[in-house]
Amino acid sequence: MPSPLESVALVRGMQHLADLDFKRSVLIAKSQGKTQAEIAQAARMSQSAVSQHLKQARNVAFPPDGFAGASPLEICERYAAGQISSEDLKSQLVTWDFPPMPQPSDIFDDDPLPPPGTWAEVEQALSYGYLSEELYEAVLDECEARGLD
């Protein structure tokens, strides 16, 4: 049984996933020619609320084909929420095209923030409790075995 704080973290991740799924669904409906009024009726909200969601969803990325999420962190969130298996998680993270971590420009430069999609998101997922140390190590070992580190 998760601790109260682990429950908070897990439910927050599930809330984030639900929000992403809703925004993607609204974008898909709009791209298929549905009006804001039709979307509002289906979502049981006002047309102006749908308009706001469409504005907020402009930068929402869709998962690449074959992936459960648009980022390594989202894939880990979906695993933690029980939406994908540990095998799916491992295969998706091992085949993810991780961009390289940026290097500091000089010795006085702080570590630059990692861009989206880097291994840092998997480390973040570990710190959030979305995956166990054992699962993290298994994914890391498989990535290293494939020369992806």
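The questions and answers below walk through a predicted model of one protein chain.

Reader: What should I keep in mind about the numbering and the atoms used?
Author: Residues are numbered from 1 along each chain as its sequence is written, and side-chain values use heavy atoms, with hydrogens and water left out. As this is a predicted model, local features need pLDDT of at least 70 and side-chain atom pairs count only at pLDDT 80 or more, while totals for chains, interfaces and linings use all residues.

Reader: How many helices and strands are there in the protein chain?
Author: Helices (H or I, at least four residues) and strands (E, at least two) are DSSP runs, numbered from the N terminus. From that end, the elements run α-α-α-α-α-α-α. The count is 7 helices and 0 strands.

Reader: What share of the 149 residues is buried?
Author: Happy to help with that one! Buried means under 20% relative accessible area, exposed over 50%, and partly exposed in between, with a 1.4 Å probe and protein chains only. In the protein chain, the buried share is 33%.

Reader: How far apart do the centres of the positive and negative side chains lie?
Author: Lys and Arg count as positive and Asp and Glu as negative, leaving out His and the chain ends. Each charge is placed at NZ of Lys, CZ of Arg, CG of Asp or CD of Glu. The protein chain has 11 positive and 23 negative side chains, and the centres of the two sets are separated by 19 Å.

Reader: Which helices do the buried residues of α5 pack against?
Author: Helix α5 covers residues 86-95, and its buried residues are L89, K90, Q92, L93 and V94. Packing here rests on contact, meaning heavy atoms within 4.5 Å. The partners are α4 (72-80), α6 (120-128) and α7 (133-145).

Reader: Q92 is in helix α5; is Q92 buried or exposed?
Author: Not counting residues up to four places away in sequence, Q92 touches G66, F67, A68, G69 and I75. Its relative accessibility is 9%, so Q92 counts as buried.

Reader: Which element gives the most to the largest nonpolar core?
Author: A nonpolar core is a set of buried Ala, Val, Leu, Ile, Met, Phe, Trp, Tyr and Cys residues joined through side-chain atoms within 4.5 Å. The largest has 21 residues, of which C76, L89, L93, W119, L131 and Y136 touch the most other members. Two or more residues come from each of α4, α5, α6 and α7. With 5 residues, the top contributor is α7.

Reader: Which residues is Y136 in contact with?
Author: Here the neighbours within four places in sequence are left aside. The contacts of Y136 are then W119, V122, E123, L126 and L131.

Reader: Why do C76 and C143 form no bond with each other?
Author: A disulfide is a covalent bond between the sulfur atoms of two cysteines. The cut-off used is a pair of cysteine sulfur atoms within 2.5 Å. C76 is buried at 0% relative accessibility, and C143 is buried at 3%. The closest cysteine sulfur to that of C76 is in C143, and there is no bond because they are too far apart, at 11 Å.

Reader: Where is R44, the residue with a positive phi although it is not a glycine?
Author: The phi of R44 is about 55°. R44 is exposed, with a relative accessible area of 75%. Its place is in the loop between α2 (36-43) and α3 (47-56).
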